[in-house]
Amino acid sequence: MAGRPSRRLSPHVSDQEVTRRPSDTAGTERPGPRPLAALDPYGLLVLSHTLFTCVQQGEIVRLAMQHVSALGPYHAEAGYLATVDGLSRVPGHDAGAPTVDDALMKDFGGADGSVSLPERSWTWAFGMRGAGGLLGYILVSSHSEPDEQGHFLLSTLVGLTSAALSLTATRTAQHDNAGELSRLRTERDDALQQLDTARSELHLQKTVHETLARVTARGGGEDALTQALYELTGLSALIEDRFGNLRSWAGPDRPDPYPVRSSTDQEEMLRQVGREAGPVKVKGRLIALARPRGDLLGVLALEDPEATADEYTLFALDHAQRSLAQELMHMRELSEVELRLHRQLMDDLLEGTDETNAYARAEAIGHDLQSTHYVVVVHWPGNAANGSFTRAVEQATATSAIRPLITRRGDRVVLLTEARPDDDAVYAALAHELGTPDGAIGVSTRCDSPEGIPRCYQEALRALEVRQNSRQRSGTTFFDDLGLYRILGPGNDLRELEDFVREWLGRLIDYDARHDTELVETLSHYFDCGGNYDDAAAALTVHRSTLRYRLQRIREISDRDLADVDTRLNLQVATRVWKIILGGRR
């Protein structure tokens, strides 16, 4: 292959002349810069620039296939890209490609390998791989197997192509993520705007309620009511009896004398207003009828000749002839909407939800999911998980201005709180509030992201289960304190076992990996031999003094007291799990 310099240049790279300046005396002149063809005889550097500027994966593979023949007596038979449905042939490369059976490619299972093609002495499937696994294949054929240099050049070309494909995939993912983030931000902004609008409306309605409530608290009266309406709306307010006689007026421009309508006009006005549910505009006035239980007692009106009344004005007028209970019900409904949003988010977090979406929803309801959280499960036999029990739990666990997220699961209350409960403080507060000490609380380990909340929920359930099956069934149990009980009972998985092994043997495993020692294996044999030095040394085929030295190193590195009964039990179980279930993995 060294004899084919002309074939080593990519069709995208033009040959460059090598110009040498004659010299009568060797060394008197510095040689000129080497041409690109000499620096990059196979055109790989120039090709790499082209590959890394491509944005289409199919075009990247086609460029690489076109360059195969520039590396030597080779031919690119076909190219494939990995998709969710398997391998897809890259179109646009026709020479020799029909001889390849695409169905055979799936048999490689992601590995490189030889391919049998008619009239081809050697054909090889080169796999292109990235951080996420297989990206595709390039099939290269030749009349004879390449030598070491040929393998190196082909592998280099495949590596450059893989890197370019990975870069393109990363760009696409970043673009998709940016679009999704933009969508979530838009949803968040819409949610925040809706909350702002609701808060604004609630503030205005609250102002009306508080103003009119003060009127009631001070003894009420028609004059006080019209004065309050005038202050709220800026429009002159008046009260008439059902016959149209003025009873009270607040504000400017009071007529004097006050005009009296005929009985016919008065009855027609009452019928017109009575057909509508709320205030009605009649000849420059906004009129509402005060008729509790259907009995018409009077007319409440606002002078509005310029038609300046808005929704706030209408609400103030309408509320003046409605009961206080209806307004309180309205406020309670808003509160229930907020509580429902909290519970829906909490339920989704316990089941597992998209992290970005969870952050946006939490921010919209005023909860910060970015900080550390703990999952707490509370069960109090005899107390159904109703509203009063839930409020009692919420009050007992609230330690700051940030309210915990809370929901109900069966007869249990589940919380997501930023503060780790202080030992039995929450339990004592609940026992006092509920009047009985017969209850239990399970607390998870800390959770640093929404992704870990389902796991922490299972931890809290495990801690609660252990507490309720122990001699002392009442109180608080932390998953951190379970020790061996963390891997006992139903529902264990490989991750839980691995976490237990890492907790008790992690330092020794890491030390063995760094120093190529066998401290974990030594400890395993030591426990298998019942702590007998002679038997353990024989099983390890080491001297007794060597075993003593290793055990001393184990004490120093793990910072564990091998003489402590509980420590020995946990270490022995951990070594068994490490050796039997995890297969001695480091």
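So, which hand does the crossing of α14 and α16 have? It's left-handed. Bear in mind that this is a predicted model.

Let me stay with that pair for a moment. Helix α14 covers residues 519-528 and helix α16 covers residues 544-558; they pack at an angle of about 110 degrees, and their axes are 10 Å apart. That makes α14 roughly perpendicular to α16. On the α14 side you've got L519, T522, L523 and Y526, and they meet L547, R550, L551, I554 and I557 in α16. Sort that contact by class and you get 7 nonpolar, 1 polar and 1 charged residues.

Okay, over to the sheet. It's an open one with 5 strands, ordered β2-β1-β5-β4-β3, and the pairing is antiparallel. β2 (86-89) and β3 (113-114) sit at the edges with a single partner strand each, so one side of each has no neighbour in the sheet. If you zoom in on β3, 2 bridges join it to β4, residues 122-130, and those two run antiparallel. There, S114 stands opposite W124 in β4.

Now the helices on that sheet. Helix α3, residues 57-67, lies across β1, β4 and β5, running at about 160 degrees to β1. Helix α4, residues 148-217, packs on the sheet too, touching β1, β4 and β5, and its direction makes about 35 degrees with that of β4.

Last thing, confidence. The protein averages a pLDDT of 80, with 84% of the residues scoring at least 70. Residues 1-28 stay under 50, and the model has 46 contacts beyond four places in sequence for them. Residues 323-333 also stay under 50, with 8 such contacts.

Notes. Residues are numbered from 1 along each chain as its sequence is written. This is a predicted model: local features need pLDDT of at least 70, side-chain atom pairs count only at pLDDT 80 or more; totals for chains, interfaces and linings use all residues. Side-chain values use heavy atoms; hydrogens and water are left out. Axes are lines fitted to C-alpha atoms, for helices over the stretch in contact, and angles run from 0 to 180 degrees between N-to-C directions. Helices (H or I, at least four residues) and strands (E, at least two) are DSSP runs, numbered from the N terminus. Angles under 35 degrees count as roughly parallel, over 145 as roughly antiparallel, 65 to 115 as roughly perpendicular and the rest as oblique. A crossing is left-handed if the near helix is turned anticlockwise from the far one by less than a right angle, and right-handed if clockwise. Contact means heavy atoms within 4.5 Å. Ala, Val, Leu, Ile, Met, Phe, Trp, Tyr, Cys and Pro count as nonpolar, Asp, Glu, Lys and Arg as charged, and the others, Gly among them, as polar. pLDDT is the predictor's confidence in each residue, from 0 to 100. Two strands pair if DSSP finds at least two bridges between them.
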